[in-house]
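The following note sets out comments for a colleague at the bench. The points are numbered so that each may be checked in turn.

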Amino acid sequence: MNKNQLISSLKKIIQIRAAELNILEDFKKNNISSFVHFCIGQEAIAVGVAMATKKKDIFFGNHRSHGHYLAKGGDYKKMIYEIYGDQRGCCNGYGGSMHMLDQKVNFLGSSPILGSGPPIASGMAYAQLLKKKKNISVVFLGDGASEEGAFFETLNLSGLLNLPLLFVIEDNYYAGETSSRFRKTKNYNIKKIINSGFGFNFEKANGQDVEDVFTKTKILINKIKLQSSPSVLYCKTLRRSAHSGAKIDLDSQYREFDSEDIHLKKDPINYILKKLIIKKITKKKIYSIIKKSFFFENEKFRKIRSRIKIR
Amino acid sequence: MIKSKMIWMGEALKLAQQNLLKKKNNFMVFGQGVSSDSYGLKRIAPHKVIEMPISEVSFSGMAVGLASQGFRPLVHHIRTEFSLLVLDQILTHASRWEFNFKKDYICPVSFRVGIGRGWGNGPQHTATYHSVFLQSPGLNVMIPAFAQDAYDQIYFLMHTNNPSVILEHRWMYKIGSIFKKKQAVKKLNTATLIKGPKKILLLTYGDGLVDCIKVKEILMKNKLDCSIICISFFPAYKRFSKQLLKEISEYKNIYLIDTSPYEFGLLQGIIGELFILSNKKKIKLVKIISPPFKPCPTSAKLAKKYYPNPDKILNKICKNLKIKKKINYKKLTFNEIHLNPEFNISTNYKLKRIY
């Protein structure tokens, strides 16, 4: 990623982070009429994938999709309205936080039922193929959902039909509050399953590092287009908030790999900061961008929030 | 002028699909075995009739995704039990797609689901979960029994903006009835009335029609008669048809011929609504002839006792209405009880479509 791309990704991550933090604060005050899953800490995956894809490419999300939606360029106002149940929301206030939609930018929906997204996204990818369009489809799923039978069925069917489909697995270690070591056999190896089992392309990325996600996504998109076969991007990431709701629960008993220090050190914003310093941008300038961006986003949220009519 | 002709319900389903495959670019058929010769579809449009792996969840979900992008896929599940694996996609996703998202973002996916009795099919291949689908707002539920209904319902899939489930009683595939070809169907009847005197009404749906027709024939041979109402369609956001309830309420003696266990079933829902609307005044008698609240056994000897049959229905009618006259009829043979019936519904009956 060049300097400008890194700055753009930084601003987008801040947009998502600020939105999430503002919603979280309001959630604590019981002002949100929606069940919310925050993506604080996981923003780099959505932003990296979105920057590597084109507007015409399709996104389909899951229960934790505010980041995917905003990264894709989804209408910010409509998302906020939706979460508050305002009828000006992206789903007219009927769907809530778990139903993000902006057809104008090809964000074609999200499903909160784990493992249900991949089959639906495969249908969207198939529709594009039948219409002879050259875009790809992307579906986001958590590591818990990647243990569902529907995921494996869809991998096979997508391969059979040569669908231009990218599966993005966001592995934040926990399915709800169950750590991966309680869910997977000792020798569970997703790379082998995808590479050797299905014969599909697989890339592992550091989900905290937007550039790594961006680069690996680009590699896979090229392969999808060249080989007409689905691919899997597997991103390790850190979920700062609880599975759902407004709690930041790093000290909860179920947590095994987390501490405030680790989360701060591996924060996506810190990764970009280091990269920008290498590209000879002063710390002062970077902090100024961060500060201004947060201020701008907080003000934007505040204005929209003041206009919300909760039904 | 388009002539009417006698065809089986199964043939009507096939004919409608063949026509749509030829005429509609966005109509597709998915499932296991759909490319077999017996389906008679693959040769018509090889690229739109797609054989699927044993992966019900993924290919049904794929159909949901396709439907959201302008296609009209029809997914085949030859047994209800197989479709249960896909309830997430049918109920949680397809049926509330436009509700979750937006009214103009539609998902007109449809599912053909084989349901009900079949020789030797036993407890895990004969379940009748009509209520499961009927309890899901946003989903059209169709239960064809007449050939015309079957044809119209498939055509209606091209018109509706809602997802649909066609619950096909396999028992009915070789039941013939009068049928007329159409080019488009924009409205479906919710039931069909086979006219008779207002004294006795047999209220049924799906394969219950077979037993009701047999009872009507026997009664007529004995200079008695009855009316039959066969329910066939429940629109996505309206389960009770006013016209249907009005028609039923005109009868004083109503016999519910249910081939599913009655408790919390389709007919119980209808009759419950009728009682509320009529304030229990008009209806004199409601009797239920249905299987026990148990799954259907596999063995022929046990299955014989399970479903309603003309014997059981006639006994109940004679007993309740105190008909002293002896009703003569031939006892059912083994084949008549256990094997898929094959006969034509008389063209002499006067039919009325209820909307």
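How much area do chain A and chain B bury between them, and what percentage of it is on carbon and sulfur atoms?

1. The model under discussion is predicted. In it, chain A and chain B bury about 2300 Å² between them, and 68% of this area is on carbon and sulfur atoms. Three residues, A:Ile120, A:Glu153 and A:Leu157, supply 22% of the area that chain A buries against chain B, more than any other three residues.

2. Counted by residue, the interface brings 33 residues of chain A into contact with 28 residues of chain B. The number of salt bridges between chain A and chain B is 0. Polar contacts are nevertheless present: 9 residue pairs across the interface of chain A and chain B satisfy the rule, with both residues at pLDDT 80 or more.

3. Which elements of chain A supply at least two residues each to the side that touches chain B? They are strand E2 (107-110), helix H5 (117-130) and helix H6 (149-160) of chain A. The largest share of that side, 9 residues, comes from H5(A). By class, the side of chain A that touches chain B has 18 nonpolar, 13 polar and 2 charged residues.

4. Turning to the fold, chain A has 11 helices and 8 strands. Its C-alpha trace spans about 50 × 45 × 40 Å along the principal axes. A compact globule of 311 residues would have a radius of gyration near 19 Å, and the 19 Å of chain A therefore agrees with that expectation.

5. Of the 311 residues in chain A, 59% count as buried. Among contacts in chain A between residues at least 6 apart in sequence, 72% join residues at least 24 apart.

6. Helix H10 of chain A (residues 268-278) merits a separate comment. Its buried residues are A:Pro268, A:Ile269, A:Ile272, A:Leu273, A:Lys275 and A:Leu276; a lysine is thus listed among them. The buried residues of H10(A) pack against four helices of chain A, namely H1 (3-28), H2 (43-52), H8 (210-227) and H11 (283-306).

7. What caps the N-terminal end of H10(A)? The cap is A:Asp267, which has a side-chain oxygen 2.9 Å from the backbone nitrogen of A:Ile269. A:Ile269 is itself one of the buried residues of H10(A). Just after this helix, A:Lys280 takes a positive phi of about 70°.

Key: Residues numbered from 1 in each chain as written. Chains lettered and ligands numbered in written order. Heavy atoms only, no water. Buried < 20%, exposed > 50% of the residue type's maximum accessible area, 1.4 Å probe, protein only. Contact = heavy atoms within 4.5 Å. Polar contact = N/O pair within 3.5 Å; in protein donor to acceptor, adjacent residues only side chain to side chain. Buried area = accessible area lost by both parts, 1.4 Å probe. Salt bridge = Lys/Arg side-chain N within 4 Å of Asp/Glu carboxyl O. Nonpolar A, V, L, I, M, F, W, Y, C, P; charged D, E, K, R; others polar. Rg over C-alpha atoms; globule rule 2.2 N^0.38 Å.
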